[in-house]
Amino acid sequence: MTRRVTRRGAALAAVLVLVPAMACQSGKKAAPAGEPVRIVVAGPVGAYREIAIVAGAARALIQSDAAGPLAPLLAARTVPAAEPLASYGLDPPQARVEYATTTGDRILVEIGHTDFDHHFVYVVRPPDRATVDLVPTSVLAPLLARVGIALPSA
Amino acid sequence: MRRVIVAVVALVVLLGANVVAYRNDRQIDLSAGSRFTLSPETRSLAKAVRSELKVTAFASPKGGVATDARFLLSRYHQVNRRITFSVVDPDAHPTQAARLGITQYATVVATYQGRRVDAADVDELEISTAILRLLRGKTRNACFVTGHGEPSLDDTSPDGMSQLAAALRHNAYEPRAVDLTKGDVPADCAFVAVAGPTDPLVQREVDAINGYASRAGRVFVMATPASNADPNPLLAPWGVRFAGGLVIDPDRSQNLDFDNVIAESFPSANPVTRGVSRLQLPAGGGLLVDAPKDRPGLTVSRLAESSARAFVETRPDIETTFDALDIPGPVLLATASDDSHVEQQATGEKIVRSRVIAVGDAAWATNRYLGNLSNARFLLNAVNWLAEEEQLVATTSRPANDRPLPLTPERQRRVLIVSVGVVPSLIVAAGVAGLSLRRRRRGRGA
Amino acid sequence: MRAALTIARRDLAGLFLTPFGIGASAGFVAVSGVALVIDLRGNQARLDGWFGPLFFLVGLLVALLTMRAFADEERAGTLELLLTAPVRPAEVVAGKLIGSAASALAIIACTAVCPWLVTTMAQPDGGPIVTGYVGLVLAVVAFSAVGLAVSAATGSPLVAAAGTAAVLLGAWSVGLLAASLTGLPKVLCEQIAPGTHVVGFLRGTLSLDDVVYFLGMAAAGVVATGLVLRSRR
């Protein structure tokens, strides 16, 4: 009897601990202002052979000393894609960041337009297009300027 | 059979009680300042809504603002089901935000019978004021004097004032250009604005504005130092003088740009500064209060001031350091003059009230700066004060709900140690002690 | 009434002097601590984000506590003894409800350390804390009554726990459904869901609508339990 209730108690404690732990992981809860909530692309810069920004025919290679903000690329918020991707400027995207890893893999991040108050830029990392990440405009504006895209300032 | 009857009766009673409770909006509100209890004025206002009134609050999902907004708006819906609402995250719904021209969080858009009025915050006073203005059902003219190099209301560039025009339209004002070289101020103007002229107004225009202002008129003067226009003929009758120059504020300015002044001091209790926390006033000039003593009905409110270390540089083309020729701070940046006097008219005595707002800067209202800090809020407060629409609903003042608690690693550690470590351990220790005590007692009993 | 209190006292002692009761209490307080850290990530001294998940978790806790009420007795063979004893069914139901609810409330009382911690660091609004706990008391009573009815209807504690959790989860889910509806169906779904009636408690209000909802749920659970027991007798 005692062993059974002990097992039950342990199971209960496990459930009660797991639920909030999963809630922690989901990242849906508000984070302090400025604290990144999602890593869109992991770092460090050294993990990539080449990082380039492409917009139409324009292509700019980002040297490792300037690539810090792109590897890791951190999003301050993540929202579900409640509207068609075109609403976020992501269909078609106005630019792409192409990462070539040292192991030969390629990572693509699509860049849309700025949000309603121009503080953030919408980005997605295909193939996941169900959620849209918001990266601070201050991070992407100087890099996008290299391919002729001027983001409106906040 | 009896059991079925009991079950049915219980179900009917249960449903009945819930329906009665649903229709009844009685509540005890223990929140600070009873934030979620609508004032009697708001309740009667909400009941007066006769057709669908839609309220859309654009709020950040962070920090409970959206949930508070949803709950507050549900109180309006409870009083009158014709008032519907939605709370939208503008980041997740950019099309909706763009369609309604939202540029800031905590903007509330109320629409009623094809008209729209915005509220600058998700609180009862702002929302109820917006509803009352919708119920009044008229759009008033905001008359802008043009032809002197003023930023255009149609200009969408950073130096234009298209956003100012949009903000006015969103608040039931229709911006309209007026030419005062040929006639008087039209009677249907809610106020006349002289917004950043760079060329002087001709005497005919000055006379027209002063004549209008003295006959219970409302004038909004945004002066700019870098111009040939002298606003003093418009301001002097109302106890204000534009000192010109350039306000330099080493303590409160943006970055190292000392003439890009950030005003944080709002000494008066004038409603124009309600909800205004900081103003960005770039490249502006200083104002001085110079009220004549023989005008007891005239009061001049000091709306915004610079820091004490600021000064008005009277020769900005030559140098920008404080010297004997400069005017020391704190520098007055904006004023509100209210002149009330009794006039004998054919129909008897009548109170005549004139109002004039002066700002020593015009750039703050351009597209580049209007969305910054509380500039837009200041603009709308100012025009509503001029048009005497600032206190449409008398609600009790609510305490601020901002209760900052930065979660530092130390605090997080303390919470976890106490609530996840200490207290559960004490519970386990007490339980184990109780268990072993019981076993010992049982052992003795056996 | 004395019989009801005796039953309640027995159930209460039976819980807290078992490893299950100790584990449940300690686990729940620990979870509430984690929930508090998540809530405080908003950098505001407000506890609505803490009380909200607590209301949901209380449903799961109650499901585990009430499964013992009748189903456990039946499995242990003591239910027949209880039902044939010279005690009225109403007293049995009342005793079981008081026992279950008091157990849950004793565990919830231990979470008071969380609001206390916040008051040591900032000045939270006291109203929502009071109403949050009032709401939790009402929710515990209501959920316990539902749990008793499910427990009385089955002989398996596990089925009872799963059944109660399913009923409560179903009720919460109906609220999610409301978002995609309009008109009367939307209102109905919203009114059925506990989530709708929790919001007021989180903001600091005690509205008639919310209080009647939880009391009504409690009454429905009690009546259903009584009917099930009568049929079993």
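How many residues does the contact take from chain C, and how many from chain B? It takes 54 residues from chain C and 47 residues from chain B, and I would like to begin with that contact before turning to some local features of the three chains. Please keep in mind throughout that what we are looking at is a predicted model.

Let me start with area. The size of an interface is often given as the accessible area lost when the parts come together. Between chain C and chain B the buried area is about 4200 Å², and carbon and sulfur atoms give 69% of that. On the side of chain C, the three residues C:Leu17, C:Met121 and C:Arg203 supply 15% of the area that this chain buries against chain B, more than any other three residues.

As for polar interactions, there are two salt bridges between chain C and chain B. In a salt bridge between C:Arg46 and B:Asp68, the side chains meet at 2.8 Å, taken from N to O. Across the same interface, 15 residue pairs are in polar contact, with both residues at pLDDT 80 or more.

Which elements of chain C supply at least two residues each of the side that touches chain B? They are the helices α2 (19-40), α7 (113-121), α8 (126-153), α10 (183-192), α11 (194-203) and α12 (208-232), together with the strand β1 (205-207). Sorted by class, the side of chain C that touches chain B has 31 nonpolar residues, 16 polar ones and seven charged ones.

That strand of chain C also takes part in pairing between the chains, since β1 of chain B, residues 27-29, is joined to β1(C) by three bridges, and the two strands run antiparallel. Within this pair, C:Ser207 in β1(C) is the residue that stands opposite B:Gln27.

Staying in this region, we come to B:Ser31, which is found in the loop between β1 and α2 (40-47) of chain B. Is B:Ser31 buried or exposed? Its relative accessible area is 4%, and because the cut-off for buried is under 20%, B:Ser31 counts as buried. The side chain of B:Ser31 is joined to that of B:Asp29 by a polar contact of 2.6 Å. Once neighbours within four places in sequence are left aside, B:Ser31 is in contact with B:Phe36 from chain B and with C:Asp125, C:Pro128, C:Arg203 and C:Gly204 from chain C. You will recall C:Arg203 as one of the three residues that supply 15% of the area chain C buries against chain B.

A second serine, this one in chain C, can be set beside it. C:Ser103 is found in helix α6 of chain C, residues 89-109, and with a relative accessibility of 4% C:Ser103 is counted as buried. A polar atom of the side chain of C:Ser103 lies 2.6 Å from the backbone oxygen of C:Gly99. Not counting residues up to four places away in sequence, C:Ser103 touches C:Leu12, C:Leu15, C:Phe16 and C:Leu65.

Returning to chain B, I will take a helix and then a sheet. In helix α6 of chain B, residues 162-169, the buried residues are B:Ser162, B:Leu164, B:Ala165, B:Ala167 and B:Leu168, and what covers the buried residues of α6(B) includes four strands, β6 (140-145), β7 (173-178), β8 (189-195) and β9 (218-222), as well as the helix α9 (375-386) of chain B. Elsewhere in chain B, three strands form an open, antiparallel sheet in the order β11-β17-β18, with β11 (246-248) and β18 (327-328) as the edge strands, each of which pairs on one side only. Two bridges join β17, residues 311-313, to β18(B), where B:Ile327 is the bridge partner of B:Val312.

Finally, chain A, whose secondary structure comes to two helices and nine strands, and in which buried residues make up 42% of the 154 residues. Strands β6 (residues 95-101) and β7 (residues 106-114) of chain A pair in the antiparallel sense over six bridges, and A:Val97 has A:Val109 as its bridge partner. Four residues lie between the strands of this hairpin, in which A:Gly104 takes a positive phi near 95°. Next, β7(A) is joined by three bridges to β8 of chain A, residues 120-125, again antiparallel, with A:Ile111 opposite A:Val123. In that hairpin, which has five residues between the strands, A:His118 takes a positive phi near 65°.

Conventions:
Residues numbered from 1 in each chain as written. Chains lettered and ligands numbered in written order. Predicted model: local features only at pLDDT ≥ 70, side-chain atom pairs only at ≥ 80, totals over all residues. Heavy atoms only, no water. Contact = heavy atoms within 4.5 Å. Buried area = accessible area lost by both parts, 1.4 Å probe. Salt bridge = Lys/Arg side-chain N within 4 Å of Asp/Glu carboxyl O. Polar contact = N/O pair within 3.5 Å; in protein donor to acceptor, adjacent residues only side chain to side chain. Nonpolar A, V, L, I, M, F, W, Y, C, P; charged D, E, K, R; others polar. Pairing = 2+ DSSP bridges. Buried < 20%, exposed > 50% of the residue type's maximum accessible area, 1.4 Å probe, protein only.
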